[in-house]
Each structure stands twice: as structure tokens, then as C-alpha cells.
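This briefing describes one protein chain for a reader at the bench. Please consult the sequence and the structure shown here alongside the text.

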Amino acid sequence: MLGFAKKPRRSADESGEQPILTGKTLLVEHRVRLRSIRAIVGVPDAHWRWLYQTAFTNFAEMVQRLPASEAHHHCELGGLLRHALEVVELALKIRRGYVLPPDKEPEIVIAEQDAWTYAVATASLLHDVGKAMVDQRIVLRGRDGLPIGLWSPWVGPMTKAPGTHYRIEFRRGQAHRLHEAVSPLLVTHIVPADGLRWLGDHHDT
């Protein structure tokens, strides 16, 4: 998607169990890209932490080190998080070339530009999150190493599940691009409530 075609690395299903990590820990290796995104959106520090950083942290906790695919782009461990942040950065760069909302007076464009930028950022962040729900099965394990069941993204991130580690298994026979239909259903686990209210106040976004 959007021109990303990275050379596949070792597939995630060859890598065994992974520890469940906090979003803050998972984002450490992406700090350079996050700084780039922050520079593009150009919002005050409090605004960044309150709406953007919270969404990125929630997303990281949701997808952990899941791959974006089994054998295609970003199939390495952590590929889904990396791909999402790459798409956010690219989408925001493209957004700078557009006047949003379209066909509105300059004063309206100025007043609503931050809301539209946030809409672009969150939509691009969420675009593939449904893969965790429909393309993969995540088996949770406890401290004793015994399986304790499957993780359900419907009820929230793995950090809230009763487990310490997980193993990734790929489902077979799923409908093509089904993840796109279910991705919006996870929005309340990722976009903070204040961010959703803010977007809701701008019905044209």
C-alpha cells in the first residue's frame, strides 16, 4: 500500500513467543519517525501528548510486535507498527499539499486545519489494525508458560489481558481485505475519547 514494498525479513511465525510490552517501550525504536510526525503536525506540546502520543501508544499496545503480513510487506516482527507509522508520516506529508476542508473560506480552513490533520493521522494509523483481528490468531501464555487462551482485540490491548507472552499464528482462508472492514471497530481502543469528541465536533472531517 502507498508504495511500501520492503524486502521480507524472517517471518514472525518462526520467532516463537514474544513478551507483552507497554506502548512506551514498543515506541522507543520509532522515536525518529515520531519526531518527524510531530514536526509535521506542528501542534503544542500538550496537544501532542494529549491526542497524538496517546493514540500512538494505544496503537502500539494493541498491535505489540505483530507483523503486517505473513510473507509480503512488513512481515517481520513489529512490522504492523512500523508500517502504520510509515503510512501516518507519508499521509501527513501528502496532506500538506491539500487545502482542507475543501471549498471553504480561508478563516474556516485556518480554524479547522488541526482537526483535519488529526483526522488524516488517525485514519492512516488505523488502516491496517484489523489485521490483528482477522488475519492472525494470538495465543496468550502465562508466567508458567502454559496457554491461557486466545487474545481478543475486541476487548482491548494485550496489556490488559491475563498473560505475559503471546505467540502469533496466521489464519488461512480469510476473505481478501476483510481487515479493512473491521479496522474502524477498534477505534475506541486507540483514539482517545477527547480526540473522538474533537473530530465529532467537525462533522465535515
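The points below cover the overall fold, the nonpolar core, one helix and two individual residues.

The structure is a predicted model. Its chain contains nine helices and four strands, and 49% of its 205 residues count as buried.

**Overall architecture**

- Read from the N terminus, the order of elements is β-α-α-α-α-α-α-β-β-β-α-α-α.
- Among contacts in the chain with a separation of 6 or more, 74% join residues 24 or more positions apart.
- The chain has an accessible surface of about 10,600 Å². Carbon and sulfur atoms account for 54% of that surface.

**Nonpolar core**

- The largest nonpolar core comprises 51 residues. Within this core, the residues with the most contacts are Tyr 52, Phe 56, Leu 66, Leu 125 and Trp 151.
- Helix H3, which spans residues 45–63, supplies the largest share of this core, with nine residues.
- Trp 151 touches Leu 66, another of the residues with the most contacts inside the core. Beyond residues up to four places away in sequence, the other residues that Trp 151 touches are Met 62, Ala 132, Ile 138, Leu 140, Gly 156, Pro 157, Met 158 and Ala 161.

**Helix H4**

- Helix H4 covers residues 79–95 and has 17 residues. The distance from its first C-alpha to its last is 24 Å, close to the 24 Å expected at 1.5 Å a residue.
- Because 14 of the 17 residues of H4 are buried, this helix is largely enclosed by the rest of the structure.

**Glu 61, a buried acidic residue**

- Glu 61 lies in helix H3, and this residue is buried but has no salt bridge.
- The nearest side chain of opposite charge belongs to Lys 160, at 6.9 Å from Glu 61. A salt bridge would require a side-chain nitrogen of Lys or Arg within 4 Å of a carboxyl oxygen of Asp or Glu.
- With residues up to four places away in sequence set aside, Glu 61 touches Thr 22, Gly 23, Leu 26, Pro 157, Met 158 and Thr 159. Pro 157 and Met 158 are also touched by Trp 151.

**Gly 195 in helix H9**

- Gly 195 is located in helix H9, which runs over residues 193–200.
- The relative accessibility of Gly 195 is 0%, so this glycine counts as buried.
- Apart from neighbours within four places in sequence, Gly 195 is in contact with Leu 51 and Tyr 118.
- Gly 195 and Ala 55 are 140 residues apart along the chain, and their C-alpha atoms are separated by 8.8 Å.

Conventions:
Residues numbered from 1 in each chain as written. Predicted model: local features only at pLDDT ≥ 70, side-chain atom pairs only at ≥ 80, totals over all residues. Heavy atoms only, no water. Helix = DSSP H or I, 4+ residues; strand = E, 2+ residues; numbered from the N terminus. Buried < 20%, exposed > 50% of the residue type's maximum accessible area, 1.4 Å probe, protein only. Contact = heavy atoms within 4.5 Å. Areas by Shrake-Rupley, 256 points an atom, 1.4 Å probe, with all protein chains shown as cover. Core = buried A, V, L, I, M, F, W, Y, C linked by side-chain atoms within 4.5 Å. Expected span 1.5 Å × (residues − 1). Lys, Arg positive; Asp, Glu negative; His and termini not counted.
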